[in-house]
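Take a look at the structure below. Then read on for a short tour of its binding site.

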Amino acid sequence: MQLEKYKIQQHNDDLLTGHQRRLSFAVSEIENAEAIIQKLVDFQIAIPSWALGTGGTRFGRFAGGGEPRSLEEKIEDVGLLNALNQASGAISLHIPWDIPKDAKAIKALAAQHGLKFDAVNSNTFQDQADQALSYKFGSLQNVDKGVRKQAIEHNIEVIKHGIELGSESLTVWLSDGSCFPGQLNFRRAYKNTLESLHEIYAAMPDNWKMFLEYKAYEPNFYSTTVGDWGQSYSYVQKLGDRAYTLVDLGHHLPNANIEQIVALLLMEEKLGGFHFNDSKYGDDDLTAGAMKPYQLFLIFNELVDGMDARGLNHATDLGWMIDASHNVKDPLEDLLQSVEGIMMAYAQALSVDRKALEEAQAISDVVRCQEILQNAFRTDVRAIVAEARLRAGGALNPLGLFRHLKVRENLIAERGLKTVATGL
Ligand code: LRH
Ligand code: MN
């Protein structure tokens with residue numbers, strides 16, 4: 001479904017007066033509002049190709065209808081999101097769920113929708129129908145050299161697809177691990193995995209990055225071979241300058257201090273990027289900012305501080321991606337909410353009075369430190385985020401316009417009720 005520009009213009013015209021009133025108040029409250037708006041305009045978050053349909057659990061899946069039936073329709077849906085919020089200018093593919101049959105045509109279609117290809121993701125956590133050897137007992141860690149070889153070749157295949165599409169990074173998430181004590185020799189599993197990752201790293205073009213994603217548990221429930229930030233860090237340290245750790249917010253044990261992990265990885269120049277989502281218990285893959293918006297703000301607070309300390313370009317030097325699964329929400333509405341939640345946390349972090357915070361930290365004025373941070377978190381930046389969208393040609397209220405235009409109803413009319421998108 002194509003979204004005509006005039007419909008966005010009409011929508012914005014109707015909302016302009018209220019927006020300008022809220023914006024002038026926000027600008028009067030936030031010192032560097034203009035600089036923040038510019039940073040927001042430049043900030044793009046990649047949409048996962050595997051999260052454009054309804055997700056589910058082992059207990060069930062409740063399809064919503066109008067889901068994309070092909071990679072082409074997935075690109076159209078991300079194009080629509082980007083037309084609405086001008087902050088979703090990239091798509092992250094998962095192979096083999098989204099193998100581009102004609103890479104040239106797919107690249108042209110994406111460009112037509114103003115989209116780039118962010119990191120490509122390999123998949124050695126499922127057995128494909130035409131696969132010779134099973135990943136039941138792991139892929140790169142597997143005691144069987146033949147299985148490791150098969151998994152390495154798959155990752156090299158994924159890199160080839162990425163090169164054709166103009167992607168410049170590979171995300172490797174390994175479900176590898178064990179479910180019972182004694183099942184695995186941890187040291188051998190680590191060595192097999194490192195040896196295999198070296199072969200994949202060597203196959204990457206010189207301008208590519210490898211993102212090694214860690215996860216505490218699931219689908220293995222006793223050990224995971226890349227189980228936390230420390231393990232991922234130890235691998236990427238050994239692999240080379242273009243290997244980095246990827247932080248999926250849902251991949252931590254309860255109460256982990258993710259903002260501290262982010263601060264240290266950034267300081268160590270080994271933070272590659274993010275899979276944004278939110279969770280209350282495990283890897284729930286819920287809407288970013290829906291459960292713990294303060295944590296998301298604290299993570300962006302460390303990001304802004306750490307990126308500025310190294311003179312990094314906020315928009316381009318790290319990988320900004322969403323990784324979510326939609327069990328009860330409309331997938332596109334959920335993604336619009338996630339992007340909004342991320343942009344707000346970023347804007348609030350940009351409004352932190354860093355000089356005052358450093359002065360308060362220098363004298364251990366703990367109360368003042370909290371006041372400075374929470375003042376930023378309690379600052380209403382919605383008008384600032386909306387203004388960035390407006391300047392970029394997006395809708396002042398993306399979700400409102402999505403519903404007003406009955407996008408889901410149109411997609412169901414076009415694609416049917418029973419269509420199922422590949423992915424989670
Ligand atoms: C694993 C994960 C990983 C993806 C998958 C879809 O939990 O976060 O990033 O490959 O979800
Ligand atoms: Mn992830």
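## The binding site

In this predicted model, the shell around ligand 1 is made up of four nonpolar, three polar and five charged residues. Among the residues surrounding ligand 1 are Trp50, Phe125, Trp173 and Leu424. His94, His251 and His275 also belong to that shell. So do Glu213, Lys215, Asp248, Asp283 and Asp323. Ligand 1 sits in the largest pocket.

Three side chains place a polar atom at these distances from an oxygen atom of ligand 1:

| Residue | Distance to an oxygen atom of ligand 1 |
|---|---|
| Glu213 | 2.7 Å |
| Lys215 | 2.9 Å |
| Asp323 | 2.7 Å |

On its own, ligand 1 has 290 Å² of accessible area, and the protein covers 96% of that.

Now turn to the metal. Which residues coordinate the manganese ion (ligand 2)? They are Glu213 (OE), Asp248 (OD), His275 (ND1) and Asp323 (OD), at 2.1 to 2.2 Å. Glu213 and Asp323 thus appear twice: each has a polar side-chain atom by ligand 1, and each coordinates the manganese ion.

What is the geometry of the manganese site? It is octahedral, with six donor atoms and angles of 72 to 169 degrees among them. Ideal angles for six octahedral donors are 90 or 180 degrees. Along the chain, the donors of the manganese ion follow the spacing E-x34-D-x26-H-x47-D.

Conventions. Residues are numbered from 1 along each chain as its sequence is written. Chains are lettered from A and ligands numbered from 1 in the order in which they are written. This is a predicted model: local features need pLDDT of at least 70, side-chain atom pairs count only at pLDDT 80 or more; totals for chains, interfaces and linings use all residues. Side-chain values use heavy atoms; hydrogens and water are left out. A residue is near a molecule or strand if one of its heavy atoms lies within 4 Å of it. A polar contact is a pair of N or O atoms within 3.5 Å; within protein, one must be able to donate a hydrogen and the other to accept it, and residues adjacent in sequence count only if both atoms are side-chain atoms. Accessible areas come from the Shrake-Rupley method with a 1.4 Å probe; for residues, only the protein chains shown count as cover. On a 1 Å grid over the protein atoms alone, a cavity is a set of points where a 1.4 Å probe fits but cannot get out, and a pocket is an open set with protein on both sides within 12 Å along at least five of seven lines; lining residues have an atom within 4 Å of a point. A molecule sits in a cavity or pocket if more than half of its atoms lie within 2 Å of its grid points. Ala, Val, Leu, Ile, Met, Phe, Trp, Tyr, Cys and Pro count as nonpolar, Asp, Glu, Lys and Arg as charged, and the others, Gly among them, as polar. Donors are N, O and S atoms within 2.8 Å of the metal (3.2 Å for Na, K and Ca); water is not among the atoms, so sites may look incomplete. Four donors count as tetrahedral if all angles lie between 85 and 135 degrees; four count as square planar and six as octahedral if opposite donors are over 155 degrees apart and all others between 65 and 115; anything else is irregular.
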